[in-house]
Amino acid sequence: MSGTVIVGASQAGVQLAMSLRELGYTAPITMVGAEAYPPYQRPPLSKEFLTGTAGHESLSFRTAAFYADAGIELICGERVVDLALPADGRSGLARTATGRELAFDRLALTVGARPRRLTVPGSDLDGILYLRDVDDAQQLRTRLAGASRVVVVGGGFIGLEAAAVARAQDKDVTVVEAADRLIARAVAPVVSEFYRQAHERRGTTVLLSTAVAGFSGTDGAVTGVLLADGTELPADLVMVGVGVLPRTELAEQLGLECDGGIVVDAYARTSESSVVAAGDCTVLPHPLTGEGRVRLESVHNAVHQAAVAAATLVGAPAETRSVPWFWSNQGQLRLQIAGLSAGFDSFVVRGNTDDEKFSVLYYRDGELLAVDAVNNPVDYMVVRKALTQGVSIPADLAGDSSTPLKTLLAAAAVPG
Ligand SMILES: Cc1cc2nc3c(=O)[nH]c(=O)nc-3n(C[C@H](O)[C@H](O)[C@H](O)COP(=O)(O)OP(=O)(O)OC[C@H]3O[C@@H](n4cnc5c(N)ncnc54)[C@H](O)[C@@H]3O)c2cc1C
């Protein structure tokens, strides 16, 4: 038996390997990662690592001894470039860029995503940085220390987290966002507007509906960001956070269905049912309703879907329903999200956004969909519990923030 090869050694890959062992899988497991380092957590890269309060070592998921003890062969610094599935009684084969060949009878793709890169003139100037891996973060941290004018292109979570770190270091910071509001893909306008005001209160300039047309530079280094209206923003450091592209190239090579990500079903099976995929590289059925397809870039999804994929590989399909959750720390602003608010038709704000402590509950047809909670872990936890239990909290009562949500949940959970 040639065992399982997991391509991609990060949040989803590590979970998949560990879950296989927890489920009693005893055949060899080989996990191959293109990065030079043992698997590590990414979320701190735009938070504690960037501020300098966490070092690289502290980000590792597990020690080398853990992988050895669990019988997980970890190959770092090698990219898989070619895959052939098992056929005619022969094992499948994964080949890395160095020519190493790894036989398998089960295959998991946990290859994640790469940052979307700008292609406007001047995009290759020195000082224009992206943030996906620890090398990116190290470079950003080092450059930030010597920078004075920082422009962040993209007002999504990672851009805003990096902007908060830069501003806390007293840099002159401007966030340029093409859409008419911040974090538009993930939160409602009321939350977007809160973040705009909160960042501006702290001295960051936020430009909305503003497109970047190019970059100016001297001696190969960036000196400014050229906006579509002709304005030039002086900059000695530019951080670009304009989303990611799922890595689908290996899946495409295998002829697997891809549609803005590797298409998987609720059991993490790709269109070739012997191959599973998990994490940022996938598009999956809505994790609560099963309807439509979503792409979730989150630790929770990577971990949950990887556990589901492992169960599928060992032939013991798992419970797939799971309440998505996410967090984003932007300086002192701690956002926690449970559920998916897409498709909401009404919402209720609990608390006052000016206090920087509030929550927004989203509804469709009167049914609770999700919560965005800012510095309000209590509301977050109650909504997450309600969604897990499949219980709605009436919108008309939730709007009264003097009533604890847990009281409303308890009342709603009682039948009749
Ligand atoms: C800066 C930053 C901050 C974040 N903050 C949060 C947060 O606050 N909360 C949250 O929930 N999520 C956050 N995320 C998202 C979260 O980290 C991702 O959802 C998670 O890492 C996805 O894990 P993954 O294993 O699917 O993919 P990835 O972490 O992208 O890992 C994929 C791995 O596969 C490797 N790989 C790709 N192709 C090959 C190949 N052909 N051969 C070998 N190896 C290959 C890659 O090099 C990479 O190491 C953040 C992400 C970033 C970058």
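Me: Which helices and strands each supply at least two residues of the shell around the ligand?

Reply: In this predicted model, two helices and two strands are to be named: helix H1 (11-22) and helix H8 (299-313), with strand S2 (29-33) and strand S22 (325-330).

Me: How many residues surround the ligand, and what makes a residue count?

Reply: A residue counts if one of its heavy atoms lies within 4 Å of the ligand. By that rule 34 residues surround the ligand, and the closest are Ser 10, Glu 35, Arg 42, Lys 47 and Arg 132. Sorted by class, the shell has 16 nonpolar, 9 polar and 9 charged residues.

Me: Why is the pair between Ser 10 and the ligand called a polar contact?

Reply: The cut-off for a pair of N or O atoms is 3.5 Å. A polar side-chain atom of Ser 10 is 2.7 Å from an oxygen atom of the ligand, so the pair is within the cut-off. Lys 47 has a side-chain N or O atom 2.6 Å from a ligand oxygen, and for Arg 132 the distance from such an atom to a ligand oxygen is 2.6 Å. Of the 1,000 Å² of accessible area that the ligand has on its own, the protein covers 96%.

Me: Why is the ligand said to lie between domain 1 and domain 2?

Reply: Domain 1 (4-114 + 245-313) and domain 2 (117-242) both give residues to the shell, so the ligand lies between them. The chain also has domain 3 (332-413).

Me: How do you know that domain 2 and domain 3 are in contact?

Reply: Contact requires heavy atoms within 4.5 Å. The contact takes 11 residues from domain 2 and 14 residues from domain 3. Together these domains bury about 1,100 Å², 68% of it on carbon and sulfur atoms. On the side of domain 2, Val 190, Phe 194 and Tyr 195 supply 42% of the buried area, more than any other three residues.

Technical notes
Residues are numbered from 1 along each chain as its sequence is written. This is a predicted model: local features need pLDDT of at least 70, side-chain atom pairs count only at pLDDT 80 or more; totals for chains, interfaces and linings use all residues. Side-chain values use heavy atoms; hydrogens and water are left out. A polar contact is a pair of N or O atoms within 3.5 Å; within protein, one must be able to donate a hydrogen and the other to accept it, and residues adjacent in sequence count only if both atoms are side-chain atoms. Accessible areas come from the Shrake-Rupley method with a 1.4 Å probe; for residues, only the protein chains shown count as cover. Helices (H or I, at least four residues) and strands (E, at least two) are DSSP runs, numbered from the N terminus. Ala, Val, Leu, Ile, Met, Phe, Trp, Tyr, Cys and Pro count as nonpolar, Asp, Glu, Lys and Arg as charged, and the others, Gly among them, as polar. Domain bounds come from an automatic or database domain assignment. Buried area is the accessible area (1.4 Å probe) that two parts lose on being put together, summed over both.
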